[in-house]
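Reader: I have a structure open on my screen and would like to talk through its contacts. Could you walk me through them?

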There are 4 protein chains.
Amino acid sequence: MAEKKLENSEIFNSYFKNLTERERAVFEGGISLGALFHQFVGTPVSNKTKKSLELAISESLKNQPFIKDISVSIILDIEEGKYVSLDGNMLDVSLTVNTKEEENSVILRLKYIKELDYPLMYVEKI
Amino acid sequence: MAEKKLENSEIFNSYFKNLTERERAVFEGGISLGALFHQFVGTPVSNKTKKSLELAISESLKNQPFIKDISVSIILDIEEGKYVSLDGNMLDVSLTVNTKEEENSVILRLKYIKELDYPLMYVEKI
Amino acid sequence: MAEKKLENSEIFNSYFKNLTERERAVFEGGISLGALFHQFVGTPVSNKTKKSLELAISESLKNQPFIKDISVSIILDIEEGKYVSLDGNMLDVSLTVNTKEEENSVILRLKYIKELDYPLMYVEKI
Amino acid sequence: MAEKKLENSEIFNSYFKNLTERERAVFEGGISLGALFHQFVGTPVSNKTKKSLELAISESLKNQPFIKDISVSIILDIEEGKYVSLDGNMLDVSLTVNTKEEENSVILRLKYIKELDYPLMYVEKI
């Protein structure tokens, strides 16, 4: 059923004629990282429920155009029995975007950078 | 580790002396339904990723005070290969709140009501 | 046009026959506090944009059933030129719910409680 | 106080040496569009509260790196007195990103495309 996917639609693709493959990959990857952060920050999470949240984040993001792979780790440092709201600084995400050929994967990252005290989104491999 | 839980804290409970058990149950349940809706609406979802999202919603909500059980169904009517943003009208949730004794469970519901064209939150059993 | 409002609909009200006025007030207020928290946590905010966010939160919540008044303060302690993601601990909210008569207002609160290290939602006046 | 801004930090910029100016602009713009959509979708909105929500979205997004300007319109078609949850299809956003020189602005767009039945994010001018 792949032919029904958005990224195989001619109308969809007609909007991106002004971008190179690299530009399109970082654009789509940027959208997905921004989406992930702002969708899930605030979710109640504990050691017990971390795994199911990591999985749901990964699975939901794979729906988005050109997202080929994603790994999501939530870095939690809390006591058993307690829970917190998911904070962007807890997220360590690696996202593989593929707009065309398998060999041209772009890898993006969301990771807390201590020196910046900021959850940075950047391009790790292009 | 149950003793570390918020709902076992005296300071926590001191804030709720002005509520009956029933009032407290519907208050906590209301918070959790409002939280669930506004946390997850917007999440990309497809037939393929529905299950993992339902599970993560259930698990995350179980972290909240007094939530004893929860069942979450996402009513999706889309083609294979497509995805949509989770809409509140797609949610069918049943939430069991227990502030004290097992036998005094309160059951709350979030469900789309056709006649109202509105995803209603209400108390099903008290 | 008040007659079009949800809370004036007979079908809507038929779902709440099992609750006292007090129970209904804390239920609706709980929903709104849970909604507020999980909708807006994560929003980029700075000293410069704090006011417009406080206003939008207030205004949007006033749409919900029986919310008569709301005051929202974001407690920000950051340097000029910087921004952060809104965190639940920064929120100080007072919510007035009125299911029937003006004199029976219920006031709910969302406020960070230091002793609990937790953004507590509770009923301040009932 | 501009010197405190993230985008003037050398550490921050060291993560982006692998991108051209165009790539960086579409990356940052993509992040902001994904953020905007997934942060605000679900917010209660009515004709009466539309303006304050549009303003808060604009203001909050201006905090993000390199966002020079943004216009946000919410396309609402509802009766007076009613409200709905903000849906991605209601958003019409134009975002100006400037990584360096004023003349090299990149303009991004979020807009519902009828033929796709999809709220598309794309690059309008580069």
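Author: Happy to! A salt bridge here is a side-chain nitrogen of Lys or Arg within 4 Å of a carboxyl oxygen of Asp or Glu. Please keep in mind that this is a predicted model.

Reader: With that rule in hand, which residue forms a salt bridge with Lys62(A)?

Author: Lys62(A) lies in helix H3 (residues 50-62) of chain A, and its partner lies in that helix too, three residues apart, about one turn of the helix. The closest N and O atoms of the pair are 3.3 Å apart, and the cut-off is 4 Å, so the pair counts as a salt bridge. The partner is Glu59(A).

Reader: Is Glu59(A) buried or exposed?

Author: Its partner Lys62(A) is partly exposed, with a relative accessible area of 32%. For Glu59(A) the relative accessibility is 19%. Buried means under 20%, so that value decides the class. Glu59(A) is buried.

Reader: How many residues apart in sequence are Arg109(A) and Asp92(A)?

Author: These two form a salt bridge, with the closest N and O atoms 3.0 Å apart. Arg109(A) sits in strand E5 (residues 106-113) of chain A and Asp92(A) in strand E4 (residues 91-97) of chain A, so the salt bridge ties together parts whose separation in sequence is 17 residues.

Reader: And which class of accessibility does Asp92(A) fall into?

Author: Arg109(A), at 15% relative accessibility, counts as buried. Asp92(A) has a relative accessible area of 21%. The limit for buried is under 20% and exposed starts over 50%, so a value in between has its own class. Asp92(A) is partly exposed.

Reader: What about chain D: which residue meets Lys5(D) in a salt bridge?

Author: Lys5(D) is partly exposed at 29% relative accessibility, while its partner is buried with a relative accessible area of 13%. The N to O distance is 4.0 Å. The partner is Glu7(D).

Reader: How many salt bridges are there over all chains?

Author: Besides single pairs, salt bridges that share partners join Lys50(A), Lys51(A) and Glu54(A) into one network. Over all chains, the count of salt bridges comes to 30.

Reader: Now the aromatic rings. Why is the pair of Tyr122(A) and Tyr15(D) tilted?

Author: The structure holds 18 aromatic pairs over all chains, and in this one the ring centres are 4.8 Å apart. The pair crosses between chains, from strand E6 (residues 118-125) of chain A to the loop between helix H1 (10-14) and helix H2 (21-40) of chain D. Planes under 30 degrees apart count as stacked and over 60 as edge-to-face, so the angle settles the class. The pair is tilted because its planes are at 55°.

Reader: Which residues does the cluster of ring pairs in chain B link?

Author: One pair in chain B is Phe16(B) with Phe27(B), whose ring centres are 6.3 Å apart and whose planes are at 50°, so this pair is tilted. Both of these residues are buried. The cluster links Phe12(B), Phe16(B), Phe27(B) and Phe66(B).

Reader: Last one: how many residue pairs are in polar contact across the interface of chain C and chain A?

Author: The contact takes nine residues from each of chain C and chain A. The area buried between them is about 630 Å², with carbon and sulfur atoms giving 51%. Across this interface the rule finds zero salt bridges. The number of residue pairs in polar contact there, both at pLDDT 80 or more, is four.

Key. Residues numbered from 1 in each chain as written. Chains lettered and ligands numbered in written order. Predicted model: local features only at pLDDT ≥ 70, side-chain atom pairs only at ≥ 80, totals over all residues. Heavy atoms only, no water. Contact = heavy atoms within 4.5 Å. Buried area = accessible area lost by both parts, 1.4 Å probe. Polar contact = N/O pair within 3.5 Å; in protein donor to acceptor, adjacent residues only side chain to side chain. Phe/Tyr/Trp six-rings, centres within 6.5 Å; stacked < 30°, edge-to-face > 60°. Helix = DSSP H or I, 4+ residues; strand = E, 2+ residues; numbered from the N terminus. Buried < 20%, exposed > 50% of the residue type's maximum accessible area, 1.4 Å probe, protein only.
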